[in-house]
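Open your viewer, switch to a cartoon view and keep the selection box handy. We will go from stop to stop, and at each one you will be told what to select and what is there.

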Amino acid sequence: MIEAEAAVIHGKIIYDARLPIEWAEGTYKTIVMPGFSDGHMHPQVIDTGFSQPYSYSNSYEWIEQRVMAIDEASVRRDESLSSRLAFLTYLRSILEGSTLISVTGAFVPNVKAWNLALDKPRIVFLPTTMRRSGWMAPQEIFSVSEKLRNSINDSLARLGIFVHSLKYSSQRDIKYSYSMIEAKKGIMGLHLSEGISELNILQRIMNSNRFNRIIAVHCLNDKVKPYGLTCISCPGTNVILYNKVKRDIYDIDSFGSDWPHIIGTIASHIHIINRIFNVPIETLLFRLTTGGYIVHGMSTQGDLIGFDESLDRVLKSNVQPIDVYIAGRKTVEEKQTFLTGYTLEDVERETKKAIDAALDLHGTGYISRNELFWRIRRAREAFLSFH
Ligand SMILES: [Zn+2]
């Protein structure tokens, strides 16, 4: 039995709730069922590429103009560091209350870290394919997927593919990936309309008007839902890079953090998102929780987070849950991972160490350590102060 002063269940708020759940028991001020869903994140991103926020008009401009402190491709080739970064992302997710996450980036390290983790969130692996050195071709991703499928044969995890973008992936790769995904009844993620309108280009490439298996990430400049696309909005990085967010909540299915090491996972953005969107709170809560599960076709069964804070505090400040359940199993107790005893402070300290190691091993030499950590702080501040 769970009792709570306020319960958010699939986005609906119920006061003085008594829930006859057999897999959990306790009394909380607030519970959220399922927990928060982080619909898009890059576990290997540890640099913003710039010092001054709001400097770009679209993602291509950012990618072309940024000056990295750490060589991205080199980090991705470093399996042990990449998987360390993924592992820390998983711990951070559950400690903050993000019970479902969708990860792009380095495929094998992301899966290895998840298999090794004892306390972990539900997960969707959308490994990135991109026409750049250090990235996998879609054929390679599908063939590795087949090999890994057995090792993650678990209702907590799902596999798909992430096509980086219309510009950095070839038309052939985009079409091939989508045809494979259609045949396998899978899902495909894609950065779309991140600062420039791209829906018409997608329609031209695919020679279609319906895209039922594509999860569009950002969709800042296009209304996408009428075309069967689902939309994950990432207000954090949209603010940091472009000083704007997608305002049309009815064209958004769910939200993502994009850069969990830099700005935290989506559960830590609730108070900022709540301030940005002036819409009925249940409309927002549905998208922050169940919305991401629906987009990724994941079960919500047994996912719950419990707070010793009022719902008002959960919505208006950055508070950590005390307990977290994933698929009916406790994964966080008293703000520590249940089997392994990590706190959020531990994760933050370890993340700093991993970034230091990345600088030592894969630094470009253009940016100092102090400058890199200053960049990270500056990005966080830009998001926090956005109105
Ligand atoms: Zn992204």
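This tour begins with the whole chain and then visits strands, helices and a few single residues.

**Stop 1: the whole protein**

Keep everything on screen, and remember that this is a predicted model. The protein has 15 helices and 17 strands. Along the principal axes, its C-alpha atoms fill a box of roughly 55 × 50 × 45 Å. How does the radius of gyration agree with that of a compact globule? For 387 residues such a globule would have a radius near 21 Å, and the protein has 20 Å, so the two agree.

Now think about the inside. Buried residues make up 50% of the 387 residues. Contacts also link distant parts of the chain: among those between residues at least 6 apart in sequence, 72% join residues at least 24 apart.

**Stop 2: a hairpin at the start of the chain**

Select residues 2-9, which are strand β1, and residues 12-19, which are strand β2. The two strands pair in the antiparallel sense over 7 bridges. For one example, find valine 8, whose bridge partner in β2 is isoleucine 13.

The hairpin has 2 residues between its strands, and here histidine 10 takes a positive phi near 50 degrees. That is worth a pause, because most residues other than glycine have a negative phi.

Is β2 enclosed or in the open? Of its 8 residues the number buried is 0, so β2 lies largely in the open.

**Stop 3: out into the sheet**

Add residues 26-33, strand β3. This strand runs parallel to β1, and 7 bridges join them. Look for alanine 6, which stands opposite threonine 30 in β3.

Strands of a sheet pair through backbone hydrogen bonds, either parallel or antiparallel. Here the pairing is mixed, in an open sheet of 7 strands with the order β2-β1-β3-β14-β15-β16-β17. Its edge strands are β2 and β17 (336-337), and each of these pairs on one side only.

**Stop 4: a cis peptide bond**

Follow the chain into the loop between β3 and β4, where you will find proline 34. A cis peptide bond joins methionine 33 to proline 34, with omega about -10 degrees. In general, most peptide bonds are trans.

**Stop 5: an enclosed strand**

Next select residues 36-41, strand β4. Here 6 of the 6 residues are buried, so β4 is largely enclosed by the rest of the structure. β4 pairs with strand β5 (residues 98-103) in the parallel sense over 4 bridges. One pair to show is aspartate 38 and its bridge partner in β5, isoleucine 101.

**Stop 6: helix α4 and what covers it**

Move to residues 107-116, helix α4. Which of its residues are buried? They are Phe107, Pro109, Asn110, Val111, Ala113 and Trp114. What covers them includes α3 (79-96), β5, β6, α5 (138-149) and β8 (157-159).

Then select proline 127, in the loop between β6 (122-125) and β7 (128-129). Proline 127 has 26 other C-beta atoms within 10 Å, and it is buried. Leaving out residues up to four places away in sequence, proline 127 touches Thr104, Phe107, Met136, Ile141, Ile161 and Phe162.

**Stop 7: two loop residues to compare**

Tyrosine 54 sits in the loop between β4 and α1 (59-65). Serine 193 is in the loop between β10 (188-192) and α7 (199-206). Phi is positive at tyrosine 54, near 60 degrees, and also at serine 193, near 55 degrees.

Now look at their surroundings. Tyrosine 54 has 13 other C-beta atoms within 10 Å and is partly exposed, whereas serine 193 has 27 C-beta neighbours inside 10 Å and counts as buried.

**Stop 8: two helices that cross**

Finish with helix α8 (residues 235-242) and helix α15 (residues 369-384). Their axes are 9 Å apart and meet the eye at an angle of about 105 degrees, so the helices are roughly perpendicular to each other. Show side chains for Gly236, Val239 and Ile240 in α8, which meet Ala379, Ala382 and Phe383 in α15. By class, this contact has 5 nonpolar, 1 polar and no charged residues.

Methods: Residues are numbered from 1 along each chain as its sequence is written. This is a predicted model: local features need pLDDT of at least 70, side-chain atom pairs count only at pLDDT 80 or more; totals for chains, interfaces and linings use all residues. The radius of gyration is taken over C-alpha atoms; the globule rule is 2.2 Å times the number of residues to the power 0.38. A residue is buried if 20 or more other C-beta atoms lie within 10 Å of its own, exposed if 12 or fewer, and partly exposed in between; C-beta atoms are placed from the backbone. Two residues are in contact if their C-beta atoms, placed from the backbone, lie within 7 Å. Axes are lines fitted to C-alpha atoms, for helices over the stretch in contact, and angles run from 0 to 180 degrees between N-to-C directions. Angles under 35 degrees count as roughly parallel, over 145 as roughly antiparallel, 65 to 115 as roughly perpendicular and the rest as oblique. Ala, Val, Leu, Ile, Met, Phe, Trp, Tyr, Cys and Pro count as nonpolar, Asp, Glu, Lys and Arg as charged, and the others, Gly among them, as polar. Two strands pair if DSSP finds at least two bridges between them.
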